[in-house]
Amino acid sequence: MATNSTKKKPVGKMLVMGLISLALYAYLLANQDQVNSTFAKGGWYALLPIIVAFVFSYVHGSFTGDFWTVLGVEAARKKKEVK
C-alpha cells in the first residue's frame with residue numbers, strides 16, 4: 001500500500017501572516033510621530049523598539065517562509081555520507 005507523502009501548502013497561514021505584516025507596517029508608517037515620541041521617552045520605553053523588532057521579524061519571517069513553501073522552494077537537505 002503506497003502512501004502519498006505530499007504536504008499541504010500553508011496558503012491560509014501565508015495570507016494571514018501577510019495581512020498581519022501589512023497591517024503592522026501600515027500602522028508604523030501612519031503613526032511615525034507617535035511611535036518615535038513613545039520610543040524616545042527612555043527608561044523602560046527603550047525596550048519597545050527591541051520588542052517591536054522581534055514582532056516584525058517573527059511575523060514577516062513566517063510570511064516569507066510560507067510564501068516560498070507555497071511556491072515550492074525548499075531548503076536543500078544535507079546528504080548523509082555513507083562510509
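Reader: What makes Thr 69 partly exposed?

Author: In this predicted model, Thr 69 has a relative accessible area of 25%. Buried means under 20% and exposed means over 50%, with partly exposed in between, so Thr 69 counts as partly exposed.

Reader: Where does Thr 69 lie, and what is Thr 69 in contact with, leaving aside its neighbours within four places in sequence?

Author: Thr 69 lies in helix α3. With those neighbours left aside, Thr 69 is in contact with Lys 9, Pro 10 and Glu 74. Contact here means heavy atoms within 4.5 Å. As for Val 59, ten residues from Thr 69 in sequence, the two are 15 Å apart in space, C-alpha to C-alpha.

Reader: Why is Ser 62 called buried?

Author: The relative accessibility of Ser 62 is 13%. The cut-off for buried is under 20%, so Ser 62 counts as buried. Ser 62 lies in helix α3 and touches Lys 13 and Met 17, not counting residues up to four places away in sequence.

Reader: Which residues are buried in α3, and what do they pack against?

Author: Phe 56, Val 59, Ser 62 and Asp 66 are buried in α3. The buried residues of α3 pack against α1.

Reader: What makes Phe 67 partly exposed?

Author: Phe 67, also in helix α3, has a relative accessible area of 32%. Partly exposed runs between the limits of 20% and 50%, so Phe 67 is partly exposed. The C-alpha atoms of Phe 67 and Lys 7 are separated by 14 Å, with their positions 60 residues apart along the chain.

Reader: How do you know that Trp 44 is exposed?

Author: Its relative accessible area is 74%. Exposed means over 50%, so Trp 44 is exposed. Trp 44 is found in the loop between α2 and α3. From Trp 44 to Leu 71, 27 residues apart along the chain, the C-alpha atoms are separated by 42 Å.

Reader: How do you know that the span of α1 agrees with what is expected at 1.5 Å a residue?

Author: The expected span is 1.5 Å times one less than the number of residues. For the 20 residues of α1 that gives 28 Å, and the end C-alpha atoms of α1 are 28 Å apart, so the two agree. For α3, with 24 residues, the reach from first C-alpha to last is 34 Å, close to the 34 Å expected.

Reader: Which residues of α1 are buried, and how do you know that they line one face of the helix?

Author: The buried residues of α1 are Met 14, Met 17, Gly 18 and Ser 21. Seen down the axis of α1, they fall within an arc of 105°, so they line one face of the helix. An α-helix has 3.6 residues a turn, so residues three or four places apart point the same way. The buried residues of α1 pack against α3. On the other side of α1, Leu 19 and Ala 30 are exposed.

Reader: Why is α1 called roughly perpendicular to α2?

Author: Helices α1 (residues 11-30) and α2 (residues 32-39) pack at an angle of about 80°, and their axes are 5 Å apart. Angles of 65 to 115 degrees count as roughly perpendicular, so α1 is roughly perpendicular to α2. From α1, Tyr 27, Leu 28, Leu 29 and Ala 30 make the contact, and from α2, Gln 32, Gln 34 and Val 35. These residues divide into five nonpolar, two polar and no charged.

Note on methods. Residues are numbered from 1 along each chain as its sequence is written. This is a predicted model: local features need pLDDT of at least 70, side-chain atom pairs count only at pLDDT 80 or more; totals for chains, interfaces and linings use all residues. Side-chain values use heavy atoms; hydrogens and water are left out. Axes are lines fitted to C-alpha atoms, for helices over the stretch in contact, and angles run from 0 to 180 degrees between N-to-C directions. Helices (H or I, at least four residues) and strands (E, at least two) are DSSP runs, numbered from the N terminus. Angles under 35 degrees count as roughly parallel, over 145 as roughly antiparallel, 65 to 115 as roughly perpendicular and the rest as oblique. Ala, Val, Leu, Ile, Met, Phe, Trp, Tyr, Cys and Pro count as nonpolar, Asp, Glu, Lys and Arg as charged, and the others, Gly among them, as polar. Buried means under 20% relative accessible area, exposed over 50%, partly exposed in between (1.4 Å probe, protein chains only). The arc is that of the directions from the helix axis to the C-beta atoms.
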